[in-house]
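Me: Got a minute to go through a model with me? I'd like to talk about empty spaces and helix packing.

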Amino acid sequence: MQVLKFGGTSVGSPQAIEATIQILSRQLQAGPLIVVVSAFGGVTDALLRCGQLAATGDETYRDEVEALTRRHLSAVKQLVPIQQQSSLLSAVKTLCNEVEDLCNGIFLLGETTMRSRDKLVSYGELISSKIITAAIAGKNLPVTWWDSRLLILTNAAHGNARVNLTVTQQRFREALLALKDPLVVMPGFIAANEKGVTTTLGRGGSDYTAAIAAAAVHATELQIWTDVSGMMTADPRWVSNAKVIPAISYQEAMELSHFGAKVIYPPTIQPVMNAGIPVRIKNTFAPDDPGTVIQLESYRNGSAVRGISSINHFSLISLEGSGMIGVPGFSRRLFEALSAEEINVILITQGSSEHSICVGIDALSADRAKAAVDAAFAPEIAAQQVEPLVVEKDLSIIALVGEQMKSHPGISGRMFGVLGRNGVNVRAIAQGSSERNISAVIATRDVRKAINLLHEEFFEATQKQVNLFISGAGNVGSRLLEQIRQQQPILLKNAKLQLRVVGLANSRKAVFAEEGIDLSQWKSLLENGTDTDIDGFVDGVLQRNLRNAVFADVTASEQVAAVYGRLLEKSVAVVACNKIACASPYTYYRRLKDTAGLYNTSFLFETNVGAGLPVISTLNDLLKSGDRIHRIEAVLSGTLNFVFNHYDGSRAFAEVVKQAQEEGYTEPDPRLDLSGTDVMRKIMILAREAGEALEMDAIGNEPFLPTSCMEGSVADFYAEMAKHEAHFKAIYEKAARNGNKLKFVARYADGKAWVGLQEISPGSDLYHLYGKDNIVLFFTDRYSEQPLVIKGAGAGADVTASGVFADLLRATLH
């Protein structure tokens with residue numbers, strides 16, 4: 001024999017009940033069944049609402065009762081053959097009249113009691129079970145209706161009555177001996193005490209009814225039919241990739257359910273657990289899905305973690321004070337004070353110093369807890385031996401659950417590591433010696449992110465989702481978006497990396513899409529986005545609080561560079577193509593680097609120096625491996641290299657510069673390149689990365705531009721260059737006569753840096769640079785005779801975008 005329980009959603013409509021009957025018809029072929037049913041979906045709440053309205057003198061309870069009556073009578077007409085409807089309609093109407101009579105009495109008294117509430121809500125299961133029994137009989141299936149109140153004996157604790165299992169099991173066995181039909185339907189949730197007064201079994205009462213029945217009749221299996229296809233690895237409303245757990249132990253199921261998984265209520269499966277009867281969770285609306293089986297032994301599938309769950313609306317209360325150290329009895333008095341107020345303790349943690357004890361409770365009980373505990377410790381508080389109780393609200397618990405975690409070292413490390421890397425602060429930790437559950441208290445605003453992070457870490461180890469926010473959609477930004485679009489399927493296939501651009505902004509507008517922006521449509525989406533500035537965009541980034549978040553600055557904006565600190569403090573990695581932050585005063589540069597370290601995130605800016613060339617990463621690798629930098633020589637301006645490689649006096653110098661700008665090799669204002677300012681920034685950034693606290697005003701610069709070229713607008717700049725063509729030609733011809741080439745060189749040595757235009761002889765490593773190439777020479781302890789040379793294209797939108805893209809990928813691996 002099997003016992004099947006169908007919840008409110010499974011009997012929530014005539015169509016759902018028809019599906020339920022089809023399931024029963026198929027299951028009957030395997031053997032006899034006891035079927036426990038809940039009230040129709042929403043009916044229990046509606047009955048409670050009727051009682052509340054009546055108790056407050058609100059006569060609209062009559063409308064509510066009338067609506068319930070119509071709903072049940074309509075169900076009879078849709079489910080039961082017309083020739084069998086008459087007696088059932090009369091019975092249902094009688095029960096609904098009893099509901100109205102009871103509410104009338106509550107209305108006259110102006111109050112409701114737990115006993116009257118039990119009586120009132122019992123009608124939901126009574127009426128639904130009678131209608132479903134008749135509907136089954138209408139399909140010519142042999143069926144008997146059992147009254148749970150005659151079988152399940154409880155005490156008189158209304159609302160959450162305790163069952164006398166010995167007497168109850170005897171009654172079931174006696175009823176089973178007299179049973180002739182292979183199918184029994186009985187109402188869940190309700191019972192009666194020794195005087196025959198109706199009681200209810202509390203939360204999860206219908207599951208409990210089914211478990212009691214299964215244990216009493218020694219069922220081969222208890223099936224709980226609901227609207228999900230089993231217990232899930234996480235809440236599917238929060239985790240899109242949540243998976244059905246095929247099998248789980250009783251202990252694991254109770255841990256997950258205690259921490260918020262709503263499929264079962266832990267106390268309800270105690271009878272079947274004691275009897276060793278497996279419980280199967282099935283989906284009424286997808287009956288062929290295998291579901292989840294809950295059994296004695298844990299399911300071994302190679303994963304130590306079985307599921308992730310959470311509890312919201314949680315508060316931490318902390319009792320602290322030097323007077324607690326070494327003094328017995330403080331914990332006892334704390335728990336006695338909470339017990340006296342009937343406040344349930346969810347989590348306990350205490351440091352070995354005995355200076356404090358921390359307890360987790362339901363948030364609704366926090367104010368009562370503070371009043372009770374402060375009163376209990378009033379003498380110690382007055383003597384300043386103990387501080388007044390500290391209450392922290394807006395917290396939640398997340399829990400990893402798994403029977404096999406105890407045999408897998410490192411689970412806690414992985415859990416707290418991934419949370420820490422994503423800026424999820426853990427307020428308290430609890431783990432029992434069974435190692436079946438690891439719980440952490442975090443801010444409620446971080447729950448969704450934390451659960452997704454843990455699910456990705458333990459159930460999606462082959463795939464990582466990265467959420468990108470990009471500021472800047474100009475020349476480099478548009479190339480970056482195209483490169484990401486092209487590489488997304490390749491990264492997913494080869495690196496198991498799901499790279500999604502979830503936020504995009506320019507100087508005027510922003511667009512967000514947590515499922516990922518369609519990068520084939522980004523221009524129109526951004527144009528139709530929300531009007532905002534960079535602060536509004538960053539507000540949107542932080543409000544979304546997504547896991548594995550990376551912010552890319554592909555602008556030259558000082559305003560954008562100013563927001564890096566806000567992002568790093570929330571563990572959002574920052575990738576900067578923009579040089580302004582790293583070329584700011586050293587204290588700001590250092591603060592950003594330290595903030596990234598403090599919040600365990602990345603601050604990367606490879607493209608600040610050599611576009612896509614691995615200059616900064618190579619420098620950092622040298623230093624991390626113990627090498628020391630003695631000297632750096634470099635040609636760091638792809639723009640200036642392009643200009644001097646293309647200028648031979650046959651065309652005007654201004655014309656060559658214009659070509660460089662049109663081909664995307666210069667800054668928006670080319671004077672930043674030609675004045676040497678951009679090169680100064682780059683050598684300063686390299687010196688800082690090498691450990692030197694260098695400032696811009698300490699860098700020597702020998703300009704080759706006439707002073708007048710630096711005045712006025714960009715148009716004035718070009719006009720002025722044209723006037724000084726003879727100056728530029730003279731510089732070129734002098735170098736050419738000497739057999740040399742002109743290169744704008746940067747040097748760093750002995751704590752000092754210098755930049756300027758130089759004639760380079762053919763024997764120099766700097767001589768053979770063509771087009772827009774850059775070159776960097778590192779002279780170190782290990783590379784003392786022959787420098788380490790990095791050479792390649794140092795300007796251009798595509799290579800710069802690829803450098804930003806490479807930093808984005810590095811940030812995902814942090």
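Reply: Sure, starting with a pocket: about 860 Å³ of space lies in the second largest pocket. This is a predicted model, where local features need pLDDT of at least 70, side-chain atom pairs count only at pLDDT 80 or more, and totals for chains, interfaces and linings use all residues. Residues are numbered from 1 along each chain as its sequence is written, and side-chain values use heavy atoms, with hydrogens and water left out.

Me: Which residues are closest to the centre of the second largest pocket?

Reply: Val 476, Thr 555, Ala 556, Glu 667 and Pro 668, out of 47 that line the second largest pocket. On a 1 Å grid over the protein atoms alone, a pocket is an open set of points with protein on both sides within 12 Å along at least five of seven lines, a cavity is a set where a 1.4 Å probe fits but cannot get out, and lining residues have an atom within 4 Å of a point.

Me: Which elements give two or more residues to that lining?

Reply: Helix 15 (475-495), helix 18 (558-561), helix 21 (607-610), helix 23 (638-646), helix 25 (671-674), helix 26 (677-689) and helix 29 (797-812). The largest share, 4 residues, comes from helix 21. Helices here are DSSP runs (H or I, at least four residues) numbered from the N terminus.

Me: And how does the lining of the second largest pocket divide into nonpolar, polar and charged?

Reply: 16 nonpolar, 23 polar and 8 charged. Asp, Glu, Lys and Arg count as charged, Ala, Val, Leu, Ile, Met, Phe, Trp, Tyr, Cys and Pro as nonpolar, and the others, Gly among them, as polar.

Me: Helix 15 and helix 29 both came up there. At what angle do they pack?

Reply: About 55 degrees, with the axes of helix 15 and helix 29 8 Å apart. Axes are lines fitted to C-alpha atoms, for helices over the stretch in contact, and angles run from 0 to 180 degrees between N-to-C directions. Helix 15 and helix 29 are therefore oblique to each other; under 35 degrees counts as roughly parallel, over 145 as roughly antiparallel, 65 to 115 as roughly perpendicular and the rest as oblique.

Me: Which residues meet?

Reply: From helix 15 they include Val 476, Leu 480, Ile 484 and Leu 491, and from helix 29 they include Ala 801, Val 804, Phe 805 and Leu 808. Contact means heavy atoms within 4.5 Å. By class, this contact has 10 nonpolar, 5 polar and 2 charged residues.

Me: New topic. How many cavities of 30 Å³ or more are there?

Reply: The structure holds 3, and the largest cavity has a volume of about 60 Å³. A volume is the space filled by probe spheres set on the grid points, which are joined across faces, edges and corners.

Me: What lines the largest cavity?

Reply: Val 43, Leu 47, Val 65, Leu 68, Thr 69, His 72, Cys 96, Val 99, Tyr 123, Gly 124 and Ile 127. That makes 8 nonpolar, 3 polar and no charged residues. Helix 2 (43-55), helix 3 (61-79), helix 4 (85-109) and helix 5 (114-137) each give two or more, and the largest share, 4 residues, is from helix 3.

Me: At roughly what angle do helix 2 and helix 3 cross?

Reply: Roughly 155 degrees, with axes that come within 8 Å. Helix 2 and helix 3 are therefore roughly antiparallel to each other. Among the residues in contact are Val 43 and Leu 47 in helix 2, and Val 65, Leu 68 and His 72 in helix 3.
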